[in-house]
Amino acid sequence: MLNQCQFIGNLGRDPETRTFQSGDKVCNLRIAVTEKWKDRDGNKQERTEWVSVAVFGPLADVANQYLHKGSKAYVSGKMRTRKWRDQSGQDRYSTEVVLQGPDAKLVMLGGPNNSSNSSYGSGGYGGSYDDGLARGGPPDDRDRQPDLDGEIPF
């Protein structure tokens, strides 16, 4: 079985981070993923989907510190639906992409507010680098590989 979701989009609002009693953190993101095309008549069409993302562990700190409303990011994680009860006692369901564990990936893509591509996570792919922030340490330029010149390596 495969449960892997990948999205590129822009944050619709600033990240929201909560700390649990255990000290673990979760950072919640809402990413706008826009699809553009031309219809049969040549008219431009556009549709935006909003993707909820829950980031756990050291990546939660990275997302909270470096992402903000309007930031462009690539996220890769597992889709999960959770059940919860609202204030009136009704069962509700939320589906979100969860970034947690060795396969989680967060890449901040360059743009006006993101000066370079930065990759964080336990999993990896060719050409990415880990600047230490995902491990909780300070960036170390000696560990960096060259930027990917705006390419998304997947």
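How exposed is Arg82, in terms of relative accessible area? In this predicted model, Arg82 comes out as partly exposed, with a relative accessible area of 40%. That residue is a handy way into the salt bridges, but the overall layout of the chain comes before them.

The chain has 154 residues, and buried residues make up 33% of them. Its secondary structure amounts to 8 strands and 1 helix. Going along the sequence, the elements run β-β-β-β-α-β-β-β-β, so the helix has four strands before it and four after it in that pattern.

Back to Arg82 and its partner. Arg82 pairs with Glu96 in a salt bridge, and the closest N and O atoms are 3.0 Å apart. The two residues sit in distant parts of the chain, 14 residues apart: Arg82 belongs to strand β5 (residues 72–85) and Glu96 to strand β6 (residues 91–99). The two ends of this bridge get different labels: Glu96 is buried because its relative accessible area is 9%, under the 20% limit for that class, while Arg82 at 40% is partly exposed.

How many salt bridges does the model hold? The count comes to 8. One of these joins the side chains of Lys25 and Asp61, with an N to O distance of 3.0 Å. Since Lys25 is part of strand β3 and Asp61 is part of helix α1, this pair ties together parts that are 36 residues apart in sequence. Both ends are partly exposed: Lys25 has a relative accessible area of 29%, and Asp61 has one of 36%.

Another bridge links Asp91 and Lys83, where the closest N and O atoms are 3.3 Å apart. Asp91 is partly exposed, at 32% relative accessibility. This bridge is not on its own, as Lys83, Arg85 and Asp91 are joined into one network by salt bridges that share partners.

Not every charged side chain is part of such a pairing. On the surface, Lys36, Lys38, Lys44 and Lys72 gather in a patch of positive charge. Of these, Lys36 can be placed in strand β3, which covers residues 25–38. Lys36 counts as exposed because its relative accessibility is 62%, and the cut-off for that label is over 50%.

Strand β3 also holds Ile31, and here the picture is a buried one. Ile31 has a relative accessible area of 0%, so it is classed as buried. Which residue lies 18 residues from Ile31 along the chain, with 8.2 Å between the C-alpha atoms? That residue is Glu49. Ser71 is a further partner to look at, at a C-alpha to C-alpha distance of 9.2 Å from Ile31 and 40 residues away in sequence. Ser71 belongs to the loop between α1 and β5. Despite sitting in a loop, Ser71 counts as buried, with 1% relative accessibility.

On the other side of the helix in sequence is Gly57, found in the loop between β4 (44–56) and α1 (58–66). Is Gly57 buried, partly exposed or exposed? Gly57 counts as partly exposed, because its relative accessibility is 33%. In space, Gly57 and Asp24 are 6.6 Å apart, C-alpha to C-alpha, although 33 residues separate them in sequence. In the helix itself, Tyr66 is a residue of α1 and is partly exposed as well, at 30% relative accessibility. Tyr66 and Pro15 are 51 residues apart in sequence, yet their C-alpha atoms are 9.4 Å apart in space.

That leaves the cysteines. A disulfide is a covalent bond between the sulfur atoms of two cysteines. How many disulfides turn up in a search of the whole structure? The search finds 0. As for the cysteines themselves, Cys27 is buried, with a relative accessible area of 0%. Cys5 counts as buried too, since its relative accessibility is 12%, under the 20% cut-off.

Key. Residues are numbered from 1 along each chain as its sequence is written. This is a predicted model: local features need pLDDT of at least 70, side-chain atom pairs count only at pLDDT 80 or more; totals for chains, interfaces and linings use all residues. Side-chain values use heavy atoms; hydrogens and water are left out. Patches are made of residues with over 30% relative accessible area and no salt bridge: like charges are joined within 9 Å, nonpolar side chains (Val, Leu, Ile, Met, Phe, Trp, Tyr) within 5 Å. Accessible areas come from the Shrake-Rupley method with a 1.4 Å probe; for residues, only the protein chains shown count as cover. A salt bridge is a side-chain nitrogen of Lys or Arg within 4 Å of a carboxyl oxygen of Asp or Glu. Lys and Arg count as positive and Asp and Glu as negative; His and the chain ends are not counted. The place of a charge is taken as NZ of Lys, CZ of Arg, CG of Asp or CD of Glu. Buried means under 20% relative accessible area, exposed over 50%, partly exposed in between (1.4 Å probe, protein chains only). A disulfide is a pair of cysteine sulfur atoms within 2.5 Å.
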